[in-house]
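Welcome! Let us take a short walk through this structure, pausing at a few local features along the way.

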Amino acid sequence: MDEITGDLALYHAWVSSASRRVRFALEEKGITYQGILVNLLAFEQHTPAYIAINPNGVVPTLVHRGTPVVESSVICEYLDEAFPETPLRPDDPHARGRMRVWAKWTDEVVIRAFQVANWNRMMGPTARQWSDTEVEKRLAAVPVPDRREDWRRVAREPFTEAEIDHAVRNIRRTLERMESALADGPWLAGETFSLADIHLSPYIVRIGEHAERGIHLADYPKCSDWWQRLTARPAFTRARIEPVTFKD
C-alpha cells in the first residue's frame, strides 16, 4: 500500500460496497483526496500495518490530518461535518432522522444480506483452495470474531440455501421499504438528495445478481426512477459504483 502524502487519504477497494459509499460522498462534496488501494484478496486489510489504523481489518479507512476514521456510515457523516460545503444531510430534523434510519438499516440489514447472499461466489473460489493449515493462518489474522467466522464458513462450510434465502428476503424487503419511502419524495429522506441515497447505492447496483431469484428493480417503479436519477449524477460515475462480476 502507498504512503499518505497529504491531509486526506482514503484506504479503499474498488469492489468494496462500503468503500463506494465513501467515494460517492467525497465526489458529491468535491473533496480532493488521496486514494490508497487495499488488495482484499491479498489480505492487505489483515496486515499489522493496516490493523494499526483500522482495528477491524476492513475497508474503508479515512485518515484526516493523521487521524483515522472508520466505519463507512460514520466516515460519511464525519466528512459532512468536517467539510460543510455541499451538505449531504438534510437541514430538517425529521428528514435527517429518516436519513439516519436508512444508514442504520444499511449497516445492520443490507450489508449482511449481501454478504451472506454473495460471499460463496465472491470469496469462495479463493478460500476453497486453501489448505487446512492456510485456513488456520488466515483466520488467525482476522481481528473481528464475526468476520473470522464468515471466512471459515466460506472456506469450509459455505452458507446454506436457507441462509441465502433469508438474506434475499431482506434484499427484497429493502426494495419494498424504499418504494414506500419514495412515495413521500424524490429521495429516500425526502426532498433533497442525502447520505441516505448514497448509503443504498452500492447495493442497488448489485440487484442484478439476484435476478435468478426473482428480484428485478423494474418491479419497483419508484425505485427504478430514483435509480435513473441517482446514476445520472456525475459524482456517481466518478465514484466508480459498478456491478460486480463473479468467477464461479
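To follow the tour, it helps to know that helices (H or I, at least four residues) and strands (E, at least two) are DSSP runs, numbered from the N terminus. This is a predicted model, in which local features need pLDDT of at least 70, side-chain atom pairs count only at pLDDT 80 or more, and totals for chains, interfaces and linings use all residues. Residues are numbered from 1 along each chain as its sequence is written, and side-chain values use heavy atoms, leaving out hydrogens and water.

Let us begin with Pro60, in the loop between helix H2 (48–51) and strand E3 (61–64). Pro60 is joined to Val59 by a cis peptide bond, with omega about 5 degrees. As background, most peptide bonds are trans, and most residues other than glycine have a negative phi.

That background also helps with two arginines. Arg65, in the loop between E3 and strand E4 (67–70), is not a glycine, yet has a positive phi of about 55 degrees. Further along, Arg240 lies in the segment after helix H11 (234–238), and Arg240 too has a positive phi of about 55 degrees without being a glycine.

How open are they? Residues count as buried under 20% relative accessible area, exposed over 50%, and partly exposed in between (1.4 Å probe, protein chains only). Arg65 is therefore exposed, at 65% relative accessibility, while Arg240, with a relative accessible area of 36%, is partly exposed.

Finally, go back to Val15, in the loop between strand E1 (8–12) and helix H1 (17–29). Val15 has a relative accessible area of 45%, so it is partly exposed.
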